[in-house]
Amino acid sequence: MCSDDWKGQYGLIACEQLGFSSYISSRSMRVDIVEEELQEEFVSINHLIPENKVTSLHHAVYVREKCSSGRVIILKCVTCGVRIGYSPRIVGGNMSSLMQWPWQVSLQFQGYHLCGGSLITPIWIVTAAHCVYDLYMPSSWTIQVGLVNLIDTPAPSYSVDKIIYHSKYKPKRLGNDIALMKLAIPLTFDDMIQPICLPNSEEDFPDGKMCWTSGWGATEEGAGDASPVLNHASVPLISNKVCNHKDVYGGIIAPSMLCAGYLKGGVDSCQGDSGGPLVCEEMRIWKLVGATSFGIGCADVNKPGVYTRITSFLDWIHEQMERELKT
Ligand code: 4AZ
């Protein structure tokens, strides 16, 4: 797009017209750098259209000669990590509202909720290997998304086509606790169903940053059963150094794991939340930072929740998805 008359507020309109759900940023660059490639395919904002009515960018098609600044707009758009329909309001306790965690998936074995998962594309769900390792039967699993209440919501169930767990996952050793589920049919995104962004490979989420975990897991340690409603909790990230302290996990936390929660206890993920998301918000975009993996007890003193560190498995995730494209 020619940058003449460009305004930041056109960003979202432009991204939406390109099929993305969200706008991050824009910058301009000299057109001659990309001229060869793009030739006459330029569009410009028509300044004759009232600002609040810039609904269709293609109303104004200018050829390159009309772009007097000689600069074009580089748009950064995304299709993940946004809660489109969500507007915060007070909810009872930690109960989640619809559209608050639109990437949250319930993984159900023979119709019963066993684990959580996170939607990253219309067909791929990130979860924990320990959720699926002993139950490696795709046809016995279904998933539900876009719901808060597991019991009385008539949300559709979707079939699972494939389960891939990390080849280095060993049940007793806790490491590499990550798996992917591939759906038989792609999901359609809406306000209730949205994918979470994967982080960038070098992305660092600082200790103490407040992030969020969600799931239908037990709301009390030992209470066993899953919760009928989706709950969430805000938890700070804990450095591996602190988490490996002798009073905490005493050296069992590998670099590919990440701790989050409170050393004083009280707030944590629990049984049934496994595989589900630990997400952090970065410049209004939500990113999948962890997959709920394990803990000693739930919310106990000096035993924060342990999550699989997603940045350690980005290559693995991409390799699996790519391999599926080829087969
Ligand atoms: C579990 O059994 C589980 N406190 C998940 C998370 C935590 C503990 C147990 C973290 O699925």
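User: How should I read a polar contact, and which ligand atom is paired with glycine 297?

Analyst: A polar contact is a pair of N or O atoms within 3.5 Å; within protein, one must be able to donate a hydrogen and the other to accept it, and residues adjacent in sequence count only if both atoms are side-chain atoms. Here, a nitrogen atom of the ligand is 3.3 Å from a polar backbone atom of glycine 297. The protein covers 85% of the 310 Å² of accessible area that the ligand has on its own (Shrake-Rupley method, 1.4 Å probe; for residues, only the protein chains shown count as cover). This is a predicted model, in which local features need pLDDT of at least 70 and side-chain atom pairs pLDDT 80 or more, while totals for chains, interfaces and linings use all residues. Residues are numbered from 1 along each chain as its sequence is written, and side-chain values use heavy atoms, leaving out hydrogens and water.

User: Which ligand atoms lie close to the side chains of aspartate 268 and serine 274?

Analyst: A ligand nitrogen is 2.6 Å from an N or O atom in the side chain of aspartate 268. For serine 274, a ligand oxygen is 2.5 Å from an N or O atom of the side chain.

User: What classes of residue form the shell around the ligand?

Analyst: Ala, Val, Leu, Ile, Met, Phe, Trp, Tyr, Cys and Pro count as nonpolar, Asp, Glu, Lys and Arg as charged, and the others, Gly among them, as polar. The shell has three nonpolar, eight polar and one charged residues. Among the residues around the ligand (a heavy atom within 4 Å) are Cys270, Thr292 and Phe294.

User: How is strand pairing read, and how many bridges join strand 12 to strand 13?

Analyst: Strands are DSSP runs of E, at least two residues, numbered from the N terminus; two strands pair if DSSP finds at least two bridges between them. Six bridges join strand 12 to strand 13, and the two run antiparallel. Glutamate 281 stands opposite tryptophan 286 in strand 13. In their hairpin, with two residues between the strands, methionine 283 takes a positive phi near 50 degrees. Strand 12 (residues 277-282) also pairs with strand 9 (residues 210-215), antiparallel over two bridges, and tryptophan 212 stands opposite valine 279.

User: Is lysine 287 buried or exposed?

Analyst: Buried means under 20% relative accessible area, exposed over 50%, and partly exposed in between (1.4 Å probe, protein chains only). Lysine 287, in strand 13 (residues 285-294), is buried because its relative accessible area is 12%. Leaving aside neighbours within four places in sequence, its contacts (heavy atoms within 4.5 Å) include Glu203, Phe205 and Glu282.

Key: Helix = DSSP H or I, 4+ residues; strand = E, 2+ residues; numbered from the N terminus.
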